[in-house]
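These are my notebook entries on one protein chain. I looked up confidence, helix packing and a few backbone details, and I record each in turn.

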Amino acid sequence: MSTAPLDIADFTFDLPPERIAHEPARPRESARLLHVPAGEEGVHDHHIRDLPDLLRPGDVLVANDTRVIPAQLTAWRGQARIGLTLNRPLPDGSWHVLARNARRLRAGDRLRFTEHDTQSTHTQPTGMLAAEVVARDEDGGAILRFVAEDFDAALAQYGALALPPYIDRPQGPTAQDAKDYQTVFARHRGAVAAPTAGLHFTPALLDRLAAKGIERVTITLHVGAGTFLPMRDDTIEAHRLHAERGVITPEAASRINAAKRVIAVGTTSLRLLESAADAAGGVRPFDAETDIFIKPGHRFRTAHALLTNFHLPRSTLFMLVCAFAGTARMRAAYAYAIAEAYRFYSYGDACLIERDLRDRH
């Protein structure tokens, strides 16, 4: 039986600009937390520091341990200045990038790099970083092969943090942003954007969770630049997500499958869990790209609850939380959060959403 197509209007809401957070809560666990429980009407106000009291012994937190890199680069092809944003690493060591003025790139082009935002065409590179264009695609992307003795050191010199466009930084990201925009779980380098639900955790909070008998497992999804892109298609069904690289080790899969309840820390963790799930709901080891687009109608096989920040209207991430808990339920929760001055987006507050287990099969 066919179902009616999704209507973008169902995922549209008005958000006052003053609800957008431009700085994180300090300390991190002082951020507000909206609890959206299963099986009952209404929501409950808490703070992140209350999380140990809202979870149960035996629960397993599944967090994304990707590490954000300074992914914005300034490249030169002859006298043409090209802004690049690293998008995702490819298995052969090359990188898919998003490029301003991508039409100026051709396979075989050699690129030179200067300090980020340097305007002069005469600035000389130090030789730490070079790149060759392997291929160019039609949607503003390209594949580059970088050459550097120490790629991480080269990025530290030439790259800049790719903060979301809704965070007001007229002069660019600050040194404080470099600390704020990294989670306590960060280990494996490769993300353009932070898995922002993880930003709320501190070592002290993790210790309190462990003392309560709440375990944690880390998996890796390198969040790409596509997370910042608006939905451009006329219909939701036509929209396609950029692929992102994910890894779930056999040990992590085994521990997740043994959990009484799985609590996904962030939409990135949930997307990777669902990408790795088999028909019976087991999580398989995974080492591949995923472009899974979770929207209402998706049948979840893995997580019992989701800890996530508040997302943009008309975004694929708001569609994901609506798929997880029901569109009407999440629209009501967001309306409450807006009325109660919760802070939205990457540096904002969070919600803990429990899924109705009757949805499980």
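Before the entry on helix crossings, I note the convention: a crossing is called left-handed if the near helix is turned anticlockwise from the far one by less than a right angle, and right-handed if it is turned clockwise.

**Entry 1. Confidence.**
I began with the status of the coordinates: this is a predicted model. I read a mean pLDDT of 90 for the protein chain, with 92% of its residues at 70 or more. I then looked for a weak stretch and found residues 118-122, where pLDDT stays under 50. For that stretch the model has ten contacts beyond four places in sequence. I leave these contacts uninterpreted, because predicted coordinates should not be read in detail where pLDDT is low.

**Entry 2. The pair H6 and H7.**
I took helix H6 (267-276) and helix H7 (residues 316-325) next. Their axes come within 11 Å and cross at roughly 65°. By the convention above, the crossing of H6 and H7 is left-handed. On the H6 side I listed Thr267, Leu270 and Arg271 as the residues that make the contact, and on the H7 side Leu317, Leu320 and Phe324. Sorted by class, this contact has four nonpolar residues, one polar and one charged.

I followed Leu270 one step further. Phe300 lies 30 residues from Leu270 in sequence, and the C-alpha to C-alpha distance of Phe300 and Leu270 is 9.5 Å. Phe300 sits in the loop between strand E15 (286-290) and E16. Is Phe300 buried or exposed? I recorded 0% relative accessibility, so Phe300 counts as buried.

**Entry 3. Helix H5.**
Which residues of helix H5 (residues 250-257) are buried? I found Ala252, Ala253 and Ile256. They cover an arc of only 100° around the axis, which means that they lie on the same side of H5. The general reason is that an α-helix has 3.6 residues a turn, so residues three or four places apart point the same way. On the other side of H5, I noted Pro250 and Glu251 as exposed. I then asked what the buried residues of H5 pack against. The partners are strands E3 (59-64), E12 (215-221), E13 (244-248) and E14 (261-265), together with helix H6.

**Entry 4. Helix H4.**
I repeated the inspection for helix H4 (203-211). Its buried residues are Leu205, Leu206 and Leu209. They too lie on the same side of H4, because the arc they cover around the axis is only 100°. Pro203, Asp207 and Ala211 are exposed, on the face of H4 turned away from its buried side. Among the elements that cover the buried residues of H4, I listed helix H1 (51-54), E3 and E12. After H4 comes Gly213, with a positive phi near 90°.

**Entry 5. Backbone details.**
I checked for a cis peptide bond and recorded one that joins Arg26 and Pro27, with omega at about -5°. Pro27 belongs to the segment before strand E1 (32-36).

I also looked for positive phi values in residues other than glycine. Arg314 has a phi of about 65° and lies in the loop between strand E16 (305-309) and H7. Its relative accessibility of 42% makes Arg314 partly exposed. Tyr345 has a positive phi near 80° and is placed in the loop between helix H8 (327-339) and strand E17 (350-354). Tyr345 is buried, at a relative accessible area of 8%.

**Entry 6. Two loop residues.**
I located Thr196 in the loop between strand E11 (188-191) and H4. With 15% relative accessibility, Thr196 counts as buried, since the cut-off for buried is under 20%. Which residues does Thr196 contact, leaving aside its neighbours within four places in sequence? I found Tyr181, Asn309 and Ser346.

My last look-up was Arg103, in the loop between strand E7 (95-99) and strand E8 (110-114). Arg103 is exposed, at a relative accessible area of 71%. Gly141 is 38 residues from Arg103 in sequence, and their C-alpha atoms are 9.5 Å apart.

How values were computed
Residues are numbered from 1 along each chain as its sequence is written. This is a predicted model: local features need pLDDT of at least 70, side-chain atom pairs count only at pLDDT 80 or more; totals for chains, interfaces and linings use all residues. Side-chain values use heavy atoms; hydrogens and water are left out. Buried means under 20% relative accessible area, exposed over 50%, partly exposed in between (1.4 Å probe, protein chains only). Helices (H or I, at least four residues) and strands (E, at least two) are DSSP runs, numbered from the N terminus. The arc is that of the directions from the helix axis to the C-beta atoms. Contact means heavy atoms within 4.5 Å. Axes are lines fitted to C-alpha atoms, for helices over the stretch in contact, and angles run from 0 to 180 degrees between N-to-C directions. Ala, Val, Leu, Ile, Met, Phe, Trp, Tyr, Cys and Pro count as nonpolar, Asp, Glu, Lys and Arg as charged, and the others, Gly among them, as polar. pLDDT is the predictor's confidence in each residue, from 0 to 100.
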